[in-house]
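Trainee: I should like to work through this structure with you, one question at a time. May we begin once it is in view?

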Amino acid sequence: MRGSIRCLQSLGRHIPRRQTVGFIGLGQMGHAMAANWVSNRIDEISASPGDSHVAFVVCDVDHARAASFANTFGDTNPRAQISVAATPADVALASETLLTMLPASPQVRDAYQGPSGILSALRSLPKDVAASTLCIDSTTLDVEVAKEVAVQVKALGADMVDAPVSGGVPGAKAATLSFLVGGTTGEFERVSPFLSFMGRRIIHCGASGAGLVAKICNNLILGVEQIVVAEAMLLGQKLGVDPAVLAGVINSSTGACWASSVNNPVPGSVPDKALPCERDYEGGFVTALMLKDMGLATHMGSSVGSPLPLAKSAEHIYAGVIQRHKEFATKDFSSVYKYLEGAAQEGREVTTQ
């Protein structure tokens, strides 16, 4: 029996909007984040007899995925009422606090600015109700798009922060993410308790858009690092060094980095870690999204006149990975190793521009 899962109309009569949280986007990252938000919020209210109920509304472009999430957590958390919304507007009508975790700028524009978007819902609410809303966007997207959307949300009196994350799918599952928050001090203080359900570090990076700038700079480093780790692991093996030995040296020396210790691209290289490469590069941060992030970095660099030669080379390489191996677009970006390995086997030059 799944009595905890209700339609939005029924939900609205049981738990007020101020006690309802909405989550839009249930991909690999979003699903894990929403799961922790639900579970940890339930644990919190279980310890507070006076605050015994909470409602969640979830929404995803894949309605079956959203329904599956609601069924799973509705069964295991009877104190939570979990409903599925058809559109972002429905989420905003039901929820005072809502978080979006989407692939890129076009999806954020649609979720907020589209005909069935969050802004249309807020405009239909009484002004004081709309003004009580807190919007959190954890998407990694174009900084100017994020600022544009934030201006529109704040024009209605509501709060909005950009809060992209660092830590990848493993961090999302373990609730150890770092949230990089852009917004006012008041918004940061308001959002921090919610983010603590999903992450370990919550960092105020500055005004609106600053969280995204920090995230894009971080992913610029990560994207370049992953390619260099793949190059080094391939070179070492071709010269006769066991990959586990080589990874052990790197991870305990000056070359140590997340791309080697947590996301090493060679199976068997880090025996105590569940690497994406051990699952045929499934279940990680997909190459298509890393290519997107490298593009955001190079665009940002061009807009302010900051030279990014390695970022441009990395962007070109990730584009080459997807062009040659279309299936790698949806696999972890450490699959760049297979692209380089294939080039070595074929005697093919890998271009960087």
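Mentor: Please note at the outset that this is a predicted model. We may start from two residues: Y318 is buried, and F333 is buried as well.

Trainee: How are the rings of Y318 and F333 arranged: stacked, edge-to-face or tilted?

Mentor: The ring centres of Y318 and F333 lie 6.4 Å apart. Planes under 30 degrees apart would count as stacked and those over 60 as edge-to-face. The planes here stand at 55°, so the pair is tilted.

Trainee: Which parts of the chain does the pair of Y318 and F333 tie together?

Mentor: Y318 belongs to helix α15 (residues 309-324). F333 lies in the loop between α15 and α16 (336-346), so the pair ties together parts that are 15 residues apart in sequence: helix α15 and that loop.

Trainee: Which helix gives the most residues to the largest nonpolar core?

Mentor: The largest nonpolar core has 67 residues, and Y318 is among those with the most contacts inside it, together with Y112, I118, V153, M233, M294 and V336. With 10 residues, the helix that gives the most to this core is α11 (residues 210-238).

Trainee: How many residues does the second, separate core have?

Mentor: Its members include A34, V58, L134 and M198. This second core, separate from the largest one, has 38 residues.

Trainee: Which residues does V153 touch, leaving aside those up to four places away in sequence?

Mentor: V153 is one of the residues with the most contacts inside the largest core. With residues up to four places away in sequence set aside, V153 touches Y112, L119, C135, A158, D159 and M160.

Trainee: What is the distance between the end C-alpha atoms of helix α14, and what span should its 18 residues have?

Mentor: Helix α14 covers residues 287-304, and at 1.5 Å a residue it should span 26 Å. The distance between its end C-alpha atoms agrees with this expectation: 26 Å.

Trainee: Which elements are included in what covers the buried residues of α14?

Mentor: The buried residues of α14 are T287, M290, D293, M294, L296, A297, T298, M300 and G301. An α-helix has 3.6 residues a turn, so residues three or four places apart point the same way. The cover over the buried residues of α14 includes α8 (143-154), α11 and α15.

Trainee: Where do D280 and Y281 lie?

Mentor: D280 has a positive phi near 55°, and this residue is not a glycine. Y281, also not a glycine, has a positive phi of about 65°, and at 5% relative accessibility Y281 counts as buried. D280 lies in the loop between α13 (258-261) and α14, and Y281 likewise lies in the loop between α13 and α14.

Trainee: Which residue follows α14, and what is its phi?

Mentor: The residue that follows α14 is G305. The phi of G305 is positive, near 75°.

Trainee: Is strand β2 enclosed or open, and why?

Mentor: On one side of β2, V54, F56 and V58 are buried, and on the other A55, V57 and C59 are buried, so that both faces are covered. Because 6 of the 6 residues of β2 (residues 54-59) are buried, the strand is largely enclosed by the rest of the structure.

Trainee: Which residue of β3 stands opposite A55?

Mentor: β1 and β2 run parallel and are joined by 5 bridges, with C59 of β2 as the bridge partner of I24. β2 also pairs in the parallel sense with strand β3 (residues 80-84), over 5 bridges. Opposite A55 in β3 stands Q81.

Trainee: What is the handedness of the β-α-β unit made by β8, α10 and β9?

Mentor: Strand β8 (residues 177-182) and strand β9 (residues 199-206) pair in the parallel sense over 6 bridges, and V181 stands opposite H204 in β9. With helix α10 (residues 185-195), these strands make a β-α-β unit that is right-handed.

Trainee: Is A175 buried or exposed?

Mentor: A175 is found in the loop between α9 (168-174) and β8. Its contacts beyond four places in sequence are N36, N40, F197, M198, G199 and R200. The cut-off for burial is under 20% relative accessible area. A175 has 19%, and therefore counts as buried.

Methods: Residues numbered from 1 in each chain as written. Predicted model: local features only at pLDDT ≥ 70, side-chain atom pairs only at ≥ 80, totals over all residues. Heavy atoms only, no water. Core = buried A, V, L, I, M, F, W, Y, C linked by side-chain atoms within 4.5 Å. Buried < 20%, exposed > 50% of the residue type's maximum accessible area, 1.4 Å probe, protein only. Helix = DSSP H or I, 4+ residues; strand = E, 2+ residues; numbered from the N terminus. Contact = heavy atoms within 4.5 Å. Phe/Tyr/Trp six-rings, centres within 6.5 Å; stacked < 30°, edge-to-face > 60°. Pairing = 2+ DSSP bridges. Right-handed = clockwise from strand over helix to strand, strands pointing away. Expected span 1.5 Å × (residues − 1).
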